[in-house]
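User: Walk me through one part of this model up close, starting with how charged side chains pair up. I'd like one connected account that I can follow with the viewer open.

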Amino acid sequence: VYEQQGEEGLPIPEVPEWTGRTKIGGDLRVRLQRDSVAADSGNWYDYAKVNDRGAFSGDEGGLRSDDYLVRSNTDRNRLRARLRLALETKLGYDFKGGIRLATGNTDNPVSTNQTMGNGQSPWNVVVDRAYLNYKWKSETGEWVAKADAGRMHNPWYSTDLVFDKDLGFEGIAASLTYNQDRPQRLLGIGTRGYQLKGTLGAFPIE
């Protein structure tokens, strides 16, 4: 638009200031998910249901411990979808704030997928991320300090074997990183460059 307006000698429209410091994004996916298990697979307890209704003991409340079991020896075919909308904006003084809404429920901390087939009922929408972020960098770029508070992305180095990539962390986290790009000797060993990073966090579970 700028180039065309300039070529035609027309006035160039002003862009609102907030567009330069705000990012808006999202994604949508639909998939057919098949879960195949062995016929002799065991069962497991739905601990979210246990926590929601209280610890089970005998027939307390008219419920038996078996009522909390999830049968995991039956194959399942499910049509599932996920919608996420995110916004992040710079607040000034090296602070940023972000929020992300997603389909899903409050019973599963690692999935925002919506399973279709609930009597055509509308989908739930949850707050998947809501955080404040502060980032400081030294003039040389060697030192970087970050702090996050709220419901944030995973602040740790990890793989799917440690934390699910969709898991949100609720609490506070801070990290300090040292970047060394110049060749030098470290503990008697020649290095081309390295990075040292430490992270601390506090996350309420219950």
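Analyst: Start with Asp 27 and Arg 84, which form a salt bridge with their closest N and O atoms 3.0 Å apart. (A salt bridge here is a side-chain nitrogen of Lys or Arg within 4 Å of a carboxyl oxygen of Asp or Glu.) Keep in mind that this is a predicted model, where local features need pLDDT of at least 70 and side-chain atom pairs count only at pLDDT 80 or more, while totals for chains, interfaces and linings use all residues. Numbering runs from 1 along each chain as its sequence is written, and side-chain values use heavy atoms, with hydrogens and water left out.

Now, where do the two partners come from? Asp 27 is in strand E1, residues 22-35, and Arg 84 is in strand E4, residues 76-92, so look 57 residues along the chain to get from one to the other. (Strands, E, of at least two residues and helices, H or I, of at least four are DSSP runs, numbered from the N terminus.) The pair therefore links distant parts of the chain. The two ends also differ in cover: Arg 84 counts as buried at 13% relative accessibility, whereas Asp 27, at 26%, is partly exposed. (Buried is under 20% relative accessible area, exposed is over 50% and partly exposed is in between, with a 1.4 Å probe and protein chains only.)

This bridge doesn't stand alone. Asp 27 and Arg 84 belong to a network of salt bridges that also takes in Arg 82 and Asp 166. For the wider tally, the structure holds 11 salt bridges.

Stay with E1 and E4 for another one. Arg 78 pairs with Asp 35, and their closest N and O atoms are 2.8 Å apart. Because Arg 78 sits in E4 and Asp 35 in E1, this pair ties together parts that are 43 residues apart in sequence. Arg 78 is buried, with a relative accessible area of 16%.

What about strands E8 and E9? There, a salt bridge joins the side chains of Arg 151 and Glu 170 at 2.6 Å, N to O. Arg 151 belongs to E8 (residues 143-152) and Glu 170 to E9 (residues 169-180), 19 residues apart, and this pair too links distant parts of the chain. Arg 151 counts as buried at 17% relative accessibility, while Glu 170 is partly exposed at 44%.

Back to E4, and to Gly 92, which lies in that strand. At 33% relative accessibility, Gly 92 counts as partly exposed. Its C-alpha is 9.5 Å from that of Arg 21, although Gly 92 and Arg 21 are 71 residues apart along the chain. Move on into the loop between E4 and E5 and you'll find Tyr 93. Tyr 93 isn't a glycine, yet it has a positive phi of about 55 degrees. Most residues other than glycine have a negative phi. Tyr 93 is exposed, at 77% relative accessibility.

Gln 120 does something along these lines: it is not a glycine either, and its phi is positive at about 65 degrees. Look for Gln 120 in the loop between strand E6 (114-115) and E7; at 79% relative accessibility it counts as exposed.

After that loop, the rings are worth a look, and a search of the whole structure finds 5 aromatic pairs. (Rings of Phe, Tyr and Trp, the latter by its six-membered ring, pair if their centres lie within 6.5 Å; planes under 30 degrees apart are stacked, over 60 edge-to-face and the rest tilted.) One of the pairs is Phe 95 with Tyr 134: the centres are 4.9 Å apart and the planes sit at 50 degrees, so the pair is tilted. Phe 95 is in strand E5 (residues 95-103) and Tyr 134 in strand E7 (residues 125-137), which puts them 39 residues apart. Phe 95 is partly exposed at 39% relative accessibility, and Tyr 134 is also partly exposed, at 28%.

Phe 163 and Phe 169 make an edge-to-face pair, with 5.1 Å centre to centre and 85 degrees between the planes. Phe 169 is buried at 8% relative accessibility, while Phe 163 is partly exposed at 28%. Both belong to one aromatic cluster with Trp 156 and Phe 203.

To place it all, the protein has 2 helices and 12 strands, and of its 206 residues 24% count as buried.
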